[in-house]
Amino acid sequence: MSVAERETVDLATTPLRELNQRLHDLAGDAHGPRRWRITNPNGTHAVACGLDAELEVEIDGHVGYYCAGMNKTAIVRVHGNAGPGVAENMMSGRVEIDGDASQYAGATAHGGLLVVHGNTSSRCGISMKGVDICVRGDIGHLSAFMAQTGRLLVCGDAGEALGDSMYEARIYVRGEVAGLGADCIEKEMRPKHLADVAELIEQAGFDGVRPEEFRRYGSARQLYTFKIDNAGAY
Amino acid sequence: MCGIVGLFAKSPEIERDLGRHVAAMLGQMSDRGPDSAGVAIYREPVAAGFSKLVLQHPDLAHDWESLAADLGRMFGGEPSLERRGNHAVLVVAAEAAETEPFVRAHHPEVRVMSAGSVIEIYKETGRPEAFIEQFALAELSGTHALGHTRMATESKVTTEGSHPFSTGLDLCLVHNGSLSNHGPLRRLLQRRGIEFQSLNDTEVAAGYLTWRMREGADLRTAMEGCLEDLDGFYTFAVGSAEGFAVLRDPIACKPAVMAENDDWVAMASEYRAIAVLPGASTARSWEPSPATVYAWERERVA
Amino acid sequence: MTAWMEAALAAGWRPGEPDPALRESYLYDRTVIAEIQRAAREGIYDIRGFGAKRKLPHFDDLLFLGASMSRYPLEGYRERCDTTVTLGARFAKRPLELKIPVTIAGMSFGALSGPAKEALGRGASEVGTCTTTGDGGMTPEERGHSTQLVYQLLPSRYGMNPDDLRKADAIEVVVGQGAKPGGGGMLLGHKISDRVAKMRDLPKGIDQRSACRHPDWTGPDDLEIKIGELREITDWQKPIFVKVGAARPYYDVQLAVKAGADVVVVDGMQGGTAATQDVFIEHVGIPTLAAVRQAVDALQELDMHRTVQLVVSGGIRTGADVAKALALGADAVSIGVAAMIALGDNAPEHEQGYRKLGSAAGFYDDWQAGRDPAGISTQEPELAALFDPIAGGHRLANYLRVLTLECQTLARANGKSHVHNLDADDLVALTIEAAAMARVPLAGTDWIPGPGAF
């Protein structure tokens with residue numbers, strides 16, 4: 001599709017409320033442009049949040065907090081960096097960040113795919129509930145904290161306390177893990193996990209990484225019911 | 001809670017327009033800090049043997065001339081006097097170690113905002129936009145500056161409760177977060193001779209740094225001491241004559257973004273405060289790691 | 001039959017009056033002894049439901065003055081005493097319009113059974129007020145049966161989704177609750193049924209561990225940005241509430257206002273819970289009486305009283321409690337434990353069931369165990385089926401009507417044509433603590449204890 005076929009909104013001159021309302025008005029069977037370009041975000045918060053239609057939104061620049069928060073079915077691509085909470089609580093769709101993402105990337109998200117081509121800072125995938133998150137670079141400390149379900153793929157390194165108190169989510173890391181959180185252990189990579197990683201790499205469109213290079217981490221399941229011997233972990 | 005900003009000039013153009021850029025950064029942080037605003041700007045170093053004091057009095061029509069004359073009688077020469085809002089900048093022909101205590105002892109009617117050879121601290125209650133205008137921040141130039149917008153958590157909204165806090169000569173601190181052990185720490189520092197003007201948790205952190213450095217620690221060591229002795233959530237930015245330093249606590253929940261290009265190094269609570277700087281969209285940006293002191297000093301950048 | 005009783009009977013003790021020559025310790029009474037020995041047996045803190053059970057300064061320590069030669073009452077029925085409340089007019093396009101100043105507090109599906117949640121919806125809707133979801137998300141039954149529904153955003157974010165956000169009538173950001181300010185939600189394995197597990201994305205039958213802070217913001221400055229996002233997602237239609245447990249309500253209310261809240265909910269330490277540590281319930285947080293005064297002071301200092309509404313909860317039991325909370329400056333109150341009791345919790349008709357669990361009607365607080373014979377705080381289908389949501393809904397509606405009528409009675413007696421016109425000047429205190437906490441003079445005097453008052 002050529003650039004001319006995108007509805008363009010310049011956040012330097014258009015109020016955010018107007019942009020988000022126009023995007024929300026396209027929910028359901030509403031008529032209107034499906035492809036959008038947003039310019040000059042300049043760190044604005046809550047850009048393209050709450051989308052609920054099969055839209056394609058390109059954002060030229062850096063966004064602030066909660067870009068594409070609670071996204072449903074839409075495809076959002078940020079040609080820049082994203083602030084805290086990008087794609088938080090996403091339900092479905094795809095959010096892609098060309099640069100880095102700040103804290104809480106993909107926090108509590110239930111579905112869809114979040115791709116970060118750069119690095120994320122702390123708490124990537126915190127409390128994730130079914131989303132797939134793929135990071136080409138590194139992730140910060142306390143990532144996948146209390147991660148319930150979903151998959152986190154990290155091509156670079158992971159910071160301290162990875163997967164602390166996690167439930168059934170799956171974590172795949174290719175680089176170094178600075179430290180594991182409470183009840184998180186390394187697990188065996190079996191054929192179905194290699195297939196998992198292959199699928200995630202392909203969906204994310206990452207080059208230069210192979211499934212065999214990844215290690216798997218998950219819950220040791222020792223904190224699922226209280227046992228006196230584990231009192232120290234609380 | 002709050003917004004903090006920091007800007008360190010690497011080029012003459014940024015130095016010349018420093019105040020204007022810091023004002024734009026502060027403006028972006030007023031949502032998260034509506035109660036008061038403040039700036040510490042490093043500019044116009046005084047000659048050796050001189051000191052610069054920034055004093056405040058709530059009354060705009062305060063008789064600063066008499067105070068300046070008093071300082072002249074005590075220390076010789078004719079102290080220069082510049083008014084900025086309800087603050088006054090005085091340059092006196094003696095070291096700050098003498099002039100500051102003199103003012104505190106003989107002029108308790110005014111507040112000492114900063115003392116040193118290059119620092120100027122301005123701070124006041126009210127919305128940041130009003131502060132910027134009141135102090136004509138945009139016309140100032142300087143080498144580096146820290147700014148702060150305040151949302152008071154557990155202490156009153158007052159001038160003395162605003163940031164930046166002066167921790168010592170040419171030193172200042174701004175803080176985003178909330179300390180949980182500031183009560184006992186304040187009492188301990190008071191017993192060690194540090195005085196406090198407010199019940200603000202940030203003032204305790206500032207007092208802590210002053211105390212550590214008085215006991216011989218350098219700035220970096222004193223800041224690393226925060227990791228041991230302060231409890232709570234914090235992003236700190238500390239200014240000194242040479243530059244500034246940034247530290248986040250180990251849990252690192254409070255935000256911090258840094259960016260750098262050939263012309264400047266900047267720090268802010270939110271990216272949109274950095275976005276207003278020239279060349280921001282192509283600057284390298286990153287987030288400081290927790291429990292790590294980052295420092296920039298003028299000697300290192302030619 | 002508790003373990004204590006079995007052992008005592010075997011050793012020759014018989015139920016009845018203890019020998020008067022025996023002297024019980026105040027510090028180590030039988031309750032404390034039982035708890036120490038339970039801890040020694042089980043190696044884990046006691047987890048229970050209900051709220052603080054110990055005696056605390058409360059609304060009972062305040063009295064209304066009523067009418068006299070200088071102040072004239074209103075006639076019942078003919079001379080109107082309005083009870084309507086609007087919550088959330090500060091920013092929202094569609095504030096909540098309630099017919100009575102009493103709402104139903106957040107209680108989760110998971111903590112409560114499906115029929116119990118349905119009954120809450122039915123009862124509240126019958127009298128024109130709202131219910132609140134809890135730490136588990138919104139069920140279709142609750143949305144179906146509540147004409148007005150407040151949707152909670154909690155640290156766990158279980159079940160959170162934008163469709164439910166858009167279906168809600170208001171959104172409540174939960175920073176904390178009175179029973180455990182600083183603690184997260186808790187649900188033990190026995191109550192994590194298939195349905196609950198699915199709603200919360202957890203494995204079935206495990207003990208749910210809880211986050212105590214929100215995952216994507218910390219502090220009122222970042223909360224302001226989060227509230228901004230919620231408003232953007234819902235096109236600024238719905239009021240945003242911020243709920244705090246009563247810790248430092250003076251600061252917390254000011255910060256909630258600065259962060260952009262339309263309504264602040266302050267839950268005193270007497271507030272109930274379905275499950276948390278007994279130490280948390282009994283030893284953290286300040287009493288509701290003290291919290292209301294601080295919260296109202298905070299709003300008045302910001303000139304936001306009545307612009308940002310205040311909802312108070314934690315031990316609201318009677319129309320007198322409602323009226324006194326309003327007189328101290330609240331816009332509305334919220335009930336949790338009282339609503340459960342109105343539904344039938346701890347009713348004498350379940351005595352047999354409670355005895356089998358080692359408890360008794362009027363004492364039962366093991367709501368975390370999920371074996372409630374009343375079918376309210378359980379997920380077991382056979383027990384939940386014993387609870388009739390239609391009858392339960394009627395009982396709740398009756399109770400809410402009585403709360404409102406009692407409040408109106410007191411308001412009329414003080415000459416008020418709207419319950420919001422009740423004022424702290426209409427109150428006196430019976431104890432020094434209540435006088436100091438509520439800043440109301442001791443009856444018959446004009447003395448309010450406080451700084452400089454001695």
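Tutor: Helices (H or I, at least four residues) and strands (E, at least two) are DSSP runs, numbered from the N terminus. The model before you is a predicted one, in which local features need pLDDT of at least 70 and side-chain atom pairs count only at pLDDT 80 or more, while totals for chains, interfaces and linings use all residues. Residues are numbered from 1 along each chain as its sequence is written, chains are lettered from A and ligands numbered from 1 in the order in which they are written, and side-chain values use heavy atoms, with hydrogens and water left out.

Student: Is B:H62 buried or exposed?

Tutor: B:H62 is found in the loop between β3 (51-56) and α3 (64-75) of chain B. Leaving out residues up to four places away in sequence, B:H62 touches (heavy atoms within 4.5 Å) B:H57, B:R83, B:E109 and B:V110. A residue counts as buried under 20% relative accessible area, as exposed over 50% and as partly exposed in between, with a 1.4 Å probe and protein chains only. B:H62 has a relative accessible area of 13%, so the word for it is buried.

Student: Which residue of chain C does A:N20 touch?

Tutor: A:N20 is found in helix α1 (residues 16-24) of chain A, and with a relative accessible area of 0% it is buried. When residues up to four places away in sequence are not counted, A:N20 touches A:A46, A:V47, A:A48 and A:C49, and from chain C it touches C:E232.

Student: How far does helix α10 of chain C reach from its first C-alpha to its last?

Tutor: Helix α10 (residues 288-301) of chain C has 14 residues, and the expected span of a helix is 1.5 Å times one less than its number of residues. The reach from the first C-alpha to the last is close to that expectation, at 20 Å.

Student: Why is α10(C) largely enclosed by the rest of the structure?

Tutor: Among the buried residues of α10(C) are C:L289, C:V292, C:V296 and C:L299. What covers the buried residues includes β2 (62-64), α8 (249-258), β10 (263-267), β12 (309-313), α11 (319-327) and α16 (432-438) of chain C. The helix is largely enclosed because, of its 14 residues, the number buried is 11.

Student: How many residues of α8(C) are buried?

Tutor: The buried residues of α8(C) include C:P249, C:Y250, C:V253 and C:L255, and those buried residues pack against α7 (220-233), β9 (240-245), β10 and α10 of chain C. Just after this helix, C:G260 takes a positive phi of about 105 degrees. The helix α8(C) is mostly covered, and of its 10 residues the number buried is 8.

Student: How many residues are in the largest nonpolar core?

Tutor: A nonpolar core is a set of buried Ala, Val, Leu, Ile, Met, Phe, Trp, Tyr and Cys residues joined through side-chain atoms within 4.5 Å. In the largest one, A:V86, A:L114, C:L62, C:L328 and C:I335 touch the most other members, and its number of residues is 148.

Student: How many residues are in the other core, which includes B:V118?

Tutor: C:L62, one of the residues of the largest core that touch the most other members, has C:L289 and C:L328 among the residues it touches. Apart from the largest core lies another, with B:V118, B:A145, B:V174 and B:A237 among its members, and its number of residues is 55.

Student: Which residue is joined to B:H163 by a cis peptide bond?

Tutor: The bond has an omega of about 0 degrees. The partner of B:H163 lies in the loop between β8 (144-150) and β9 (165-168) of chain B, and that partner is B:P164.

Student: What is the phi of A:Y104, which is not a glycine?

Tutor: A:Y104 lies in the loop between β5 (94-97) and β6 (113-116) of chain A, and at 3% relative accessibility A:Y104 counts as buried. Although A:Y104 is not a glycine, its phi is positive, at about 60 degrees.

Student: How many Å separate the C-alpha atoms of C:Y151 and C:E349?

Tutor: C:Y151 lies in strand β7 (residues 149-153) of chain C, and at 0% relative accessibility C:Y151 counts as buried. Among the residues that C:Y151 touches are C:M138, C:L165 and C:I171. C:E349 is 198 residues apart from C:Y151 along the chain, and their C-alpha atoms are separated by 33 Å.
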